Amino acid sequence: MLCKRIIPCLDVRAGKVTKGIEFQDNVDVGDPVAMARAYYEQGADELVFYDITASNERRGIMIDVVRAVAREIFIPFSVGGGLRTLEDMRAVLLAGAEKVSIDSGAVRNPEIITQGARAFGSQCIVLSMQVKKTGARPQVPSGYEVVIDGGRLFTGKDAIAWAREGERLGAGELCINSIDRDGTNLGFELDLTGTISRAVSIPVIASGGAGTPEHLRQAFLEAGADAAIVASMVHYGRYPIPLIKRYLHEHGVEVRNGAGSE
Amino acid sequence: MIAIVDYRAGNLTSVASALQHLGHRCVITDRADQICAADRVILPGVGAAGATMDNLRRLELDWVLRDRVIAAGKPFLGICIGIQILMDRSAEDDARCLGAVAGEVKRFPATVDGRPLKVPQIGWNKVHQVRPHPVFTGVPDHSHFYFVNSYYPVPADSSVVIATAEHGIVFCAALARGNLVATQFHLEKSGAAGLRVLDNFCRL
């Protein structure tokens with residue numbers, strides 16, 4: 001039986017890790033390679049890096065980070081942020097990432113999901129979406145709307161419909177980030193996560209709001225998520241990963257017992 | 001020197017990084033002479049069986065691996081697609097494979113007991129060592145390894161199976177015969193347990 005995965009998320013700006021509180025006032029937390037190694041040794045199951053600079057002149061820095069991480073950690077990791085073309089994807093995969101995460105670029109050009117899946121396999125393509133509760137209406141029946149460009153542009157797309165569409169187009173996994181919960185430590189948006197988890201048959205990653213190990217238990221057992229993103233709760237040392245796993249194990253969640261090193 | 005077979009698939013650098021991290025010298029190559037001269041040969045990678053076999057045939061490495069490496073008894077490690085193409089055939093692309101190990105490759109069922117099964121399986125799964133083998137030295141039974149697969153090998157001779165895992169059904173997760181070892185899971189992405197198996201192979 002597959003384990004539920006704990007995925008620390010590292011927002012990287014100009015080669016440095018930051019953690020945004022609702023995408024504003026980013027503060028430096030540390031060096032991405034050193035943090036990746038620390039999480040690997042603690043037993044993180046996977047890592048995700050978001051390049052939040054994502055402008056062309058910075059791209060080379062991120063590729064260097066990916067390459068350095070790939071030399072030192074031996075668990076899967078994905079890279080996202082500003083990936084728009086097959087060539088963008090190929091560059092991070094060749095640098096050593098296991099998966100790419102596409103977000104705004106996929107909303108603007110849904111074909112990129114299919115092209116990426118054909119070129120690299122569905123298992124490489126994570127469709128990530130930023131979701132905000134904007135109220136149910138005919139165009140957005142669930143009341144959950146997809147937002148792009150770092151939370152600035154409302155698309156009028158229903159998140160549940162976009163999740164189904166992403167699966168149909170060839171995404172291998174979905175990462176559902178609640179903007180309302182991001183950086184709040186109040187827990188995942190369980191209704192959103194659960195609704196999407198039931199609507200698709202590919203793995204769903206819950207994101208946004210993790211503050212305690214109990215929040216992860218809820219995402220896994222109540223909302224049916226396959227993986228959960230953690231950021232500030234681990235970045236500031238409040239909850240080491242072994243402690244989170246022990247809590248989950250004691251509460252009936254199947255988690256990986258190993259760690260990195262050797 | 002360890003030869004990592006380059007058949008134009010991704011993920012070769014991950015295996016090379018892991019070997020270098022463990023202190024083993026390796027070369028990524030598509031040259032038959034380098035493969036034949038190596039002490040050990042690793043065929044890693046993700047990809048479809050049909051495309052993998054097409055690439056190996058185009059590079060004229062299919063018979064090299066089967067006759068000059070595996071049949072000759074040179075230590076060989078297949079990872080992920082590298083375990084599947086050892087079989088006679090694969091249901092993926094209805095591909096004819098190397099036939100180095102009798103058996104076939106099947107796809108995970110879409111449902112088990114009426115419940116949908118997520119295919120591909122992506123993630124960490126528990127591996128049960130059904131037969132002791134030196135590659136598992138220092139690796140506790142039921143350790144977790146990282147899998148990404150829609151298909152699984154079914155060797156005709158079940159005595160070659162050294163480990164199993166369960167994803168809807170129980171399937172062969174690793175096999176061994178003489179100096180031939182192959183795993184369905186990704187050793188290069190399975191943390192300390194994966195590195196240990198890789199290191200053990202390099203010391204066989």
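## Starting at Asn185(A)

With a relative accessibility of 28%, Asn185(A) counts as partly exposed, because the value falls between the cut-offs of 20% for buried and 50% for exposed. This is a predicted model, and Asn185(A) makes a good place to begin a tour of it. The residue sits in the loop that links β10 and α7 of chain A.

What does Asn185(A) touch, apart from its neighbours within four places in sequence? Its contacts are Gly209(A), Ala210(A), Gly211(A), His215(A), Ser232(A) and Arg238(A). With Ser232(A) there is also a polar contact between the two side chains, at 3.1 Å. Leu221(A), in turn, is 36 residues from Asn185(A) in sequence, and their C-alpha atoms are 19 Å apart in space.

## A mostly covered helix in chain A

One of the contacts of Asn185(A), His215(A), leads us into helix α8(A), which spans residues 213-222. Is this helix mostly covered or mostly open? Seven of its ten residues are buried, so α8(A) is mostly covered, with buried meaning under 20% relative accessible area. The buried residues are Pro213(A), His215(A), Leu216(A), Arg217(A), Gln218(A), Ala219(A) and Phe220(A).

These buried residues pack against several elements of chain A: the strands β1 (5-13), β11 (204-207) and β12 (227-230), along with the helices α7 (190-199), α9 (232-235) and α10 (241-250). After the helix comes Gly224(A), which has a positive phi near 75°.

## Strands β10(A) and β11(A)

Strand β11(A), one of the packing partners of α8(A), is covered on both faces. Val204(A) and Ala206(A) lie on one side, Ile205(A) and Ser207(A) on the other, and all of them are buried.

Which way does β11(A) run relative to strand β10(A), residues 173-178? The two pair in the parallel sense, over four bridges. Within this pairing, Cys175(A) is found opposite Ile205(A) of β11(A).

## An open sheet in chain B

Turning to chain B, we meet an open sheet of four strands, arranged in the order β6-β5-β7-β12 with mixed pairing. Its edge strands are β6 (95-96) and β12 (151-155), each of which pairs on one side only.

Strand β7(B), residues 103-107, runs antiparallel to β12(B), and five bridges join the two. Here Glu104(B) has Val154(B) of β12(B) opposite.

## Backbone details in the loops

A few loop residues are worth a visit. In chain A, Asp149(A) has a positive phi of about 60° without being a glycine. This residue belongs to the loop between β8 (144-148) and β9 (153-158) of chain A. Its relative accessibility is 24%, which means that Asp149(A) counts as partly exposed.

Chain B has a residue of this kind too: Asp93(B), not a glycine, with a positive phi near 60°. Asp93(B) is located in the loop between β5 (89-90) and β6 of chain B. Elsewhere in chain B, the peptide bond leading from Val119(B) to Pro120(B) is cis, its omega being near 5°. Pro120(B) is part of the loop between β9 (115-116) and β10 of chain B.

## Where the two chains meet

How many residues take part in the contact between the chains? On the chain B side there are 29, in contact with 32 residues of chain A. Together the chains bury about 2500 Å², and carbon and sulfur atoms give 54% of that area. In chain B, the residues that lose the most area to chain A are Lys118(B), Ile122(B) and Trp124(B), together 29% of what that side buries.

Between the chains there are three salt bridges. One of them joins the side chains of Asp226(A) and Lys118(B), at 2.8 Å from N to O. The chains also share nine residue pairs in polar contact, counting pairs with both residues at pLDDT 80 or more. On the side of chain B that touches chain A, at least two residues each come from α1 (12-21), β10 (121-129), β11 (143-149), β13 (161-167) and α6 (191-202). β10(B) gives the most, with six residues. By type, this side of chain B divides into nine nonpolar, 14 polar and six charged residues.

Key:
Residues are numbered from 1 along each chain as its sequence is written. Chains are lettered from A and ligands numbered from 1 in the order in which they are written. This is a predicted model: local features need pLDDT of at least 70, side-chain atom pairs count only at pLDDT 80 or more; totals for chains, interfaces and linings use all residues. Side-chain values use heavy atoms; hydrogens and water are left out. Contact means heavy atoms within 4.5 Å. Buried area is the accessible area (1.4 Å probe) that two parts lose on being put together, summed over both. A salt bridge is a side-chain nitrogen of Lys or Arg within 4 Å of a carboxyl oxygen of Asp or Glu. A polar contact is a pair of N or O atoms within 3.5 Å; within protein, one must be able to donate a hydrogen and the other to accept it, and residues adjacent in sequence count only if both atoms are side-chain atoms. Ala, Val, Leu, Ile, Met, Phe, Trp, Tyr, Cys and Pro count as nonpolar, Asp, Glu, Lys and Arg as charged, and the others, Gly among them, as polar. Two strands pair if DSSP finds at least two bridges between them. Buried means under 20% relative accessible area, exposed over 50%, partly exposed in between (1.4 Å probe, protein chains only).
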